[in-house]
Amino acid sequence: MGQRVLVVDDDRTVSDVVCRYLEHAGYEVSHVGDGLAALDAAHERRPHLVVLDLMLPGLDGLQVCRRLRERPDGVPIIMLTARGDEADRVLGLQLGADDYLGKPFSPRELVLRVTSVLRRAGEPVPPAAEVFADAGLEVATGPRLATLHGRELTLTLREFDLLAHLMRHPARAFRRAELLERVWGWNFGDQSTVTVHVRRLREKIEDDPAEPRRIVTVWGVGYRYQPADA
């Protein structure tokens with residue numbers, strides 16, 4: 001069987017379509033309809049990825065995401081929601097969701113997102129692992145370890161990849177669309193995903209996230225990593 005995907009959605013019509021498309025794409029799919037069942041299912045047999053609806057009975061999707069992010073295995077999460085409120089999307093990404101799709105969505109696009117997230121999560125370590133260091137911040141791509149003044153940082157898959165990419169190209173400005181393609185592997189998607197991940201990284205690596213000195217905004221362009229000695 002293929003990689004395991006857990007679909008968490010109480011809308012049977014939506015979940016049936018999602019499960020069918022994922023199964024046709026070669027994934028081993030299981031489905032539950034509420035938040036507590038999702039946590040139980042993830043505990044009993046760890047999925048490779050969770051497709052998680054925001055609106056659920058019992059524990060909602062945000063609570064489930066928070067609980068899953070407390071686990072050490074770092075299972076990737078793609079959130080689904082019928083809500084159009086940007087605040088919900090941002091909060092989901094802040095809690096550690098790797099991607100977000102609003103309902104209604106294309107099942108084919110969801111399959112592409114699942115494939116992209118799983119590919120990034122399962123990419124082998126390059127033969128020549130890299131280490132980037134700047135002013136107490138160190139990122140080692142081999143063990144996927146980031147530390148700040150000797151303290152290990154808790155970064156999600158995308159946060160780590162985004163930070164490593166920016167430090168790999170110091171002082172170079174990237175558009176959000178470029179970062180979405182180079183880090184996420186997409187040439188489509190909501191560019192606010194990049195904005196949220198930059199915000200989260202700043203909260204973890206900046207002395208003052210409101211006045212960032214490492215990941216700086218290049219107005220009208222995007223973002224760049226500014227080395228301390230530049």
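The following questions and answers concern a predicted model.

Q: How many disulfides does the structure hold?
A: A disulfide requires two cysteine sulfur atoms within 2.5 Å. Cys19 is in no disulfide, and the nearest cysteine sulfur, that of Cys65, is 19 Å away. For the structure, the number of disulfides is 0.

Q: Why does Cys65 form no bond with the closest cysteine sulfur, and in which residue is that sulfur?
A: The sulfur of Cys65 is 19 Å from the closest cysteine sulfur, and this is too far for a bond. Cys65 itself is buried, with a relative accessible area of 0%. The closest cysteine sulfur belongs to Cys19.

Q: Is Cys19 buried or exposed?
A: The cut-off for a buried residue is under 20% relative accessible area. Cys19 has a relative accessibility of 11%, so this residue counts as buried.

Q: Which strand contributes the salt-bridge partner of Arg113?
A: Arg113 forms a salt bridge with Asp99, and the closest N and O atoms are 2.8 Å apart. Arg113 lies in helix α5 (residues 107-121), so its bridge to Asp99 ties together parts that are 14 residues apart in sequence. Arg113 and Asp99 are both buried. The strand that holds Asp99 is β5 (residues 99-102).

Q: How many residues apart are Arg168 and Glu130?
A: Arg168 and Glu130 form a salt bridge whose closest N and O atoms are 2.8 Å apart. Arg168 belongs to helix α6 (residues 157-168), whereas Glu130 lies in the loop between α5 and β6 (131-134). This pair links distant parts of the chain, and its separation is 38 residues.

Q: What does Glu130 count as in terms of relative accessibility?
A: A residue is buried under 20% relative accessible area and exposed over 50%. The salt-bridge partner of Glu130 is Arg168, and Arg168, at 33%, counts as partly exposed. Glu130 has a relative accessibility of 26%, so Glu130 counts as partly exposed.

Q: Which helix holds Glu159, the salt-bridge partner of Arg200?
A: The closest N and O atoms of Arg200 and Glu159 are 2.5 Å apart. The two residues are 41 residues apart, with Arg200 in helix α8 (residues 192-205). Arg200 is buried, as is Glu159. Glu159 is held by helix α6.

Q: Which residues are linked with Lys103 in a network of salt bridges?
A: Side chains of opposite charge can pair when their charged atoms come close. A search of the whole structure finds 13 salt bridges. The residues that share a network with Lys103 are Asp9 and Asp53.

Q: How many residues of strand β3 are buried?
A: Leu49, Val51 and Asp53 point one way from β3, and Val50 and Leu52 point the other way. Each of these residues is buried. Strand β3 is thus mostly covered, with a buried count of 5 of its 5 residues.

Q: Which residue of β3 stands opposite Leu6?
A: Strands β1 and β3 run parallel and are joined by 4 bridges. Within β3, the residue opposite Leu6 is Val50.

Q: Which residue in β4 is the bridge partner of Val51?
A: Strand β3 (residues 49-53) pairs with β4 in the parallel sense over 4 bridges. With helix α3 (residues 61-69), β3 and β4 make a right-handed β-α-β unit. The bridge partner of Val51 in β4 is Ile78.

Q: Which residues of β4 lie on the side other than that of Ile77, Met79 and Thr81?
A: Strand β4 (residues 77-81) is mostly covered, with 5 of its 5 residues buried. Both faces are covered, one of them carrying Ile77, Met79 and Thr81. The residues on the other side are Ile78 and Leu80.

Q: Which residue in β5 stands opposite Met79?
A: Strands β4 and β5 pair in the parallel sense over 4 bridges. In β5, the residue opposite Met79 is Tyr100.

Q: Against which elements do the buried residues of α2 pack?
A: In helix α2 (residues 35-44), the buried residues are Gly35, Ala38, Leu39 and Ala42. They cover an arc of only 95 degrees around the axis, and therefore lie on the same side of α2. An α-helix has 3.6 residues a turn, so residues three or four places apart point the same way. The elements against which the buried residues of α2 pack are β1 (4-8), β2 (28-32) and α3.

Notes. Residues are numbered from 1 along each chain as its sequence is written. This is a predicted model: local features need pLDDT of at least 70, side-chain atom pairs count only at pLDDT 80 or more; totals for chains, interfaces and linings use all residues. Side-chain values use heavy atoms; hydrogens and water are left out. Buried means under 20% relative accessible area, exposed over 50%, partly exposed in between (1.4 Å probe, protein chains only). A salt bridge is a side-chain nitrogen of Lys or Arg within 4 Å of a carboxyl oxygen of Asp or Glu. Two strands pair if DSSP finds at least two bridges between them. A crossover is right-handed if, with the strands pointing away from the viewer, the path from the first strand over the helix to the second runs clockwise. The arc is that of the directions from the helix axis to the C-beta atoms. Contact means heavy atoms within 4.5 Å.
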